[in-house]
Amino acid sequence: MGSMVDTKAVFRQIYGDLKRELLQDPAFDFTPESRQWIDTMLDYNVPGGKLNRGLSVVDSFKLLKAGRDLTSDELFQSCALGWCIEWLQAYFLVLDDIMDNSHTRRGQPCWFRNPKVGLIATNDGIILRNHIPRILKRHFNDKPYYVDLLDLFNEVEFQTASGQLLDLITTHEGEKDLSKYTLPVYRRIVQYKTAYYSFYLPVACALLMSGGNLDNFVDVKNILVEMGTYFQVQDDFLDCFGDPEFIGKIGTDIEDFKCSWLVVKALERANDAQKTLLSENYGKTDPECVAKVKALYKDLSLEGVFADYESESYEKLIGSIEAQPSKEVQEVLKSFLHKIYKRQK
């Protein structure tokens, strides 16, 4: 099954197959209007991202098969599970954008910002969520790991929604209070809100497909959640110090009063005067204020702090990965780490 290029092409093609099945789902008697709505809604929200999470299922499954070629059924099924993760992501993003009152997502207006959509988007989110068990039922119903898949998606959805709650009440509650932004608070939000569904879920899907029992891979879960945390720290760093031309988006964490790794580290390192400067300027849209926060980050040498964190994390993760008994599992974990280590975007 050759290179990445054709994997991505096959993956995209399977989106079309899954969409077609969902639009013909016998459990609902579609009208032409409702079928057209869902068709448009899916194309707008599901396939538009980088597809990293979905493709990770396929790549991980290939590595677990230790170089043996996938059968066309295995390729289809690993792609289908990958798309279930992309559907899950679409569901979260559609609803998150409403909650955050966001304007754009992936370079286009948020779905709910479209004049014909508005708050119908909340129901679209619910439909996206419900497409996942439809896909699983159609393609995995007869598999010995079917229940485990359902259980896994339910578990990860719960963790993500709970992480989102934590983020909302920490970041958006009442007056802006930076004293709540500590490293344990930050780590907990990131682990639950992002790391489980972005890092653990794709590998867990691949492990189940290859006959594994997830109870035997608790340490793998912990390593992946740690990797997800490292990834988010990197993301926070790039939001401020990355080149917008290169990373493809302009960071707004400072303006948005985000519980970013950078502000957490700044608060740890700042003296009283610097803390005052932070609380006066953080979370303001005025470019002057943003510039002052960035200047403070430089004064506190946060670029160096990040570089140290990055190499320390990397060493620690490599150590934990190499302690894994299965060579195939090691390869999966290393492929994730090498994709994200020292990335620029």
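This note goes through the nonpolar core, one buried loop residue and the largest cavity of a predicted model.

1. Residues are numbered from 1 along each chain as its sequence is written. Local features need pLDDT of at least 70 and side-chain atom pairs count only at pLDDT 80 or more, while totals for chains, interfaces and linings use all residues, and side-chain values use heavy atoms, with hydrogens and water left out.

2. The largest nonpolar core (buried Ala, Val, Leu, Ile, Met, Phe, Trp, Tyr and Cys residues joined through side-chain atoms within 4.5 Å) has 113 residues, and those with the most contacts inside it are Trp 87, Met 227, Tyr 282 and Tyr 297. Helix H4, residues 72-99, supplies the largest share of this core, 16 residues; helices here are DSSP runs of H or I with at least four residues.

3. Met 227 touches (heavy atoms within 4.5 Å) Phe 199, Leu 317, Ile 321, Leu 333, Phe 336, Leu 337 and Ile 340, not counting residues up to four places away in sequence.

4. Phe 257 lies in the loop between helix H9 (244-247) and helix H10 (261-269), and Phe 257 is buried, with a relative accessible area of 4%, where buried means under 20% with a 1.4 Å probe and protein chains only. Leaving aside neighbours within four places in sequence, its contacts include Thr 171, Tyr 181 and Tyr 282.

5. About 120 Å³ of space lies in the largest cavity, a cavity being a set of points on a 1 Å grid over the protein atoms alone where a 1.4 Å probe fits but cannot get out. H4 gives the most to the lining of this cavity, with four residues.

Conventions. Buried < 20%, exposed > 50% of the residue type's maximum accessible area, 1.4 Å probe, protein only. Helix = DSSP H or I, 4+ residues; strand = E, 2+ residues; numbered from the N terminus. 1 Å grid on protein atoms, 1.4 Å probe; cavity = no way out; pocket = protein on both sides within 12 Å on 5 of 7 lines; lining within 4 Å. Points joined across faces, edges and corners; volume = space filled by probe spheres on them.
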